[in-house]
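Please open the structure in a viewer and keep the selection panel at hand. The tour proceeds by selections, each followed by a description of what is found there.

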Amino acid sequence: MTETNRFTRYPSVVHMLDEAARLAPGREALVCGDERLAYDEYLRCVGGLARELLARDAAGRRVAIVLGNSIDACIAPFGVHAARAQAVPLNPLYTEHELRPLFADARLHAVIYADEHAPRIEALADEFGVVHRFRIGDAHRRLTAWRDDATVLPLPLPLPRADELATLQYTGGTTGRSKGVNLLHGAVATNVLQREALLPTRRDDERLLCVMPLFHVYAVAMCLHNMALARGTLVILPRYTPEAVFAALARERITIFAGSPTLFTGLLNHAAFAREAFATLRLSYSGSAALPEELLRRWEKATGTPVLEGYGQSEAGPVVSFNPVDGVRKPGSVGIALPLTEVQIVDTDTGARVLGVGEKGEIRVRGPQIMRDYRNLPETTAETLRDGWLYTGDIGELDADGYLYVRDRKKEMAKVSGYNVFPREIEEVLHLHPDVAEAAVVGVPDAYRGEAIRAFVVPAPGRRVTAEALDEHCRERLAPYKIPSRIAIVEALPKTVVGKIDKIRLRGPDYA
């Protein structure tokens, strides 16, 4: 087997799940609270959903998934993929205001959504003519309906091809415009195996705790797809609390914990933290945001197990690099490139001049896992994908051993508790308020969240507006993690010599 074939032997993640159910049908696949599914039950549910979607002519079209962490949230994407439709995972915390442009861009054929999101989703489905709707809840239906039905046929054939669209993953852009990343089945499946080369799982013997939201590309890659390949058990936490994490770690004999800097900090600082809860843990993954070196050391000392940090983004399929399990781990680094993946640092002006060891520049990536394109954005695609390279927009450097260090972001995007937050989006919401003349939003360092959002507002002439009123205005239109932690009412915003708002000064001590 050639090096390339080693990492491209599954045309899709559906093939991985199908193999797992064939080789280990009775092994526990999914756990959420008191609910448990074996692999054969898992596959029956996936097949049942796929056939219903096919009966509604979903093949080749887009199906949105708006579900919180649950067993249904695991079945849904595999079912959509098995129907050869394109899965569109959407953040269930989003308001109607935030979801509307995504519905408009995706031109959805169907939507799968939970009871608690019904008012928002059904209103949007009516607005955009989404006829096929799968409402999930105990009072309606569950995607586990097929688990015990021995009459359910195997997965519908043909299974997805490697060159077909798998996922439309919406991510923010530095301009605030949400962009849909088109990922192919082959790219997604290949990336799972590439990651496996640096972080090998133990077949039939892993139990991974997923606290991260399953609409997020990190949780999908490092939890959902990871465990399907490993024939392991994915333990899903529907809602995060430190107490629930500690209880699940001990009760479910967790071997891998997929977390983030915010989660690690919250757990370490909680009064109920006890090393005994981590007795079966062998390693943790860290993603979604940069992991401070001191936090890494604290976690490893407190749990007695390593935490491995990696780097990626939706456009990269998503994983680019990781610190290896077996090999040198460098605190502060996001590790070495995955197999078949090239990482270079180039100048930020032209993106054409490759920089040397220790020089900071834009990170660009090339490999079989990167996106096909952005949906409906040919010019942005051309700017981001050049000569086979994905220009990430992140600033970094490589050391002499090929370890990557991410130093900054090329644009103004902030990372709040692992979520991408784009200041312009919040500014636009603030500008919707009739009493606001000008608004500027910046991300500032925050010890717990990584970054916090700070807003500065100039009232409209003759108007008076309060921070409390603007906070309420934002909460009606933005997900909780996008709400500014502080809104300052100011007489004027600092400007550069060419009249642009000076955000460097807004981040400085004069506006702290």
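The stops below cover the cores, a sheet, a strand and its partners, a cavity, salt bridges and one loop residue.

The model is predicted: local features need pLDDT of at least 70, side-chain atom pairs count only at pLDDT 80 or more, and totals for chains, interfaces and linings use all residues. Residues are numbered from 1 along each chain as its sequence is written, and side-chain values use heavy atoms, with hydrogens and water left out.

**Nonpolar cores**

Select Y42, I112 and L234 to begin. These residues have the most contacts inside the largest nonpolar core, which has 117 residues. Helix α8 (residues 217-230) gives the most to this core, namely ten residues. A nonpolar core here is a set of buried Ala, Val, Leu, Ile, Met, Phe, Trp, Tyr and Cys residues joined through side-chain atoms within 4.5 Å. Buried means under 20% relative accessible area, exposed means over 50%, and partly exposed lies in between (1.4 Å probe, protein chains only). Helices (H or I, at least four residues) and strands (E, at least two) are DSSP runs numbered from the N terminus.

Which residues does Y42 touch, leaving aside those up to four places away in sequence? Its contacts are L17, A29, L30, L37, C74, I75, F78 and L224, where contact means heavy atoms within 4.5 Å. Apart from the largest core lies another core, of 41 residues; L102, Y113, L470 and L478 are among them. In soluble globular proteins, nonpolar side chains tend to be buried together.

**The nine-stranded sheet**

Next, colour the strands of the open sheet, which follow the order β2-β1-β10-β9-β11-β12-β13-β14-β15 with mixed pairing. Its edge strands are β2 (35-38) and β15 (336-337), each of which pairs on one side only. Two strands count as paired if DSSP finds at least two bridges between them. Within the sheet, select β1 (residues 28-32) and β10 (residues 233-236): they run parallel and are joined by two bridges. V31 stands opposite V235 of β10.

**Strand β17 and its partners**

Move to β17 (residues 361-366). Five of its six residues are buried, so this strand is largely enclosed by the rest of the structure. Add strand β16 (residues 342-346), which pairs with β17 in the antiparallel sense over five bridges. Add also strand β20 (residues 389-398), which runs antiparallel to β17 and is joined to it by four bridges. V365 links the two views: V343 stands opposite V365, and V365 in turn stands opposite L390 in β20.

**The largest cavity**

Select P77, P89, T167, Q169 and V220. Of the 22 residues lining the largest cavity, these lie nearest its centre. The cavity holds about 270 Å³ of space, and the structure has two cavities of 30 Å³ or more. On a 1 Å grid over the protein atoms alone, a cavity is a set of points where a 1.4 Å probe fits but cannot get out, and lining residues have an atom within 4 Å of a point. Grid points are joined across faces, edges and corners, and a volume is the space filled by probe spheres set on the points.

Now show α4 (72-82), β4 (86-89), β7 (165-171), α7 (185-198) and α8, the elements that give two or more residues to the lining. The largest share, five residues, comes from α8.

**Salt bridges**

How many salt bridges does the structure hold? There are 44, each defined as a side-chain nitrogen of Lys or Arg within 4 Å of a carboxyl oxygen of Asp or Glu.

Select R463 and D435, whose closest N and O atoms are 2.5 Å apart. R463 lies in the loop between β25 (450-459) and α14 (467-475) and D435 in the loop between α13 (423-431) and β24 (436-446), so the pair ties together parts that are 28 residues apart in sequence. R463 is partly exposed at 44% relative accessibility, whereas D435 is buried at 15%.

Select R449 and D446 next: their salt bridge has its closest N and O atoms 3.9 Å apart. R449 is partly exposed, at 38%, as is D446, at 23%. Elsewhere, salt bridges that share partners join E28, R36, R207, R251 and E252 into one network.

**A final residue**

Finish at T95, in the loop between β4 and α5 (96-106). Is T95 buried or exposed? T95 is buried, with a relative accessible area of 10%. Beyond residues up to four places away in sequence, T95 touches R120, E476, R477 and L478.

How values were computed. 1 Å grid on protein atoms, 1.4 Å probe; cavity = no way out; pocket = protein on both sides within 12 Å on 5 of 7 lines; lining within 4 Å.
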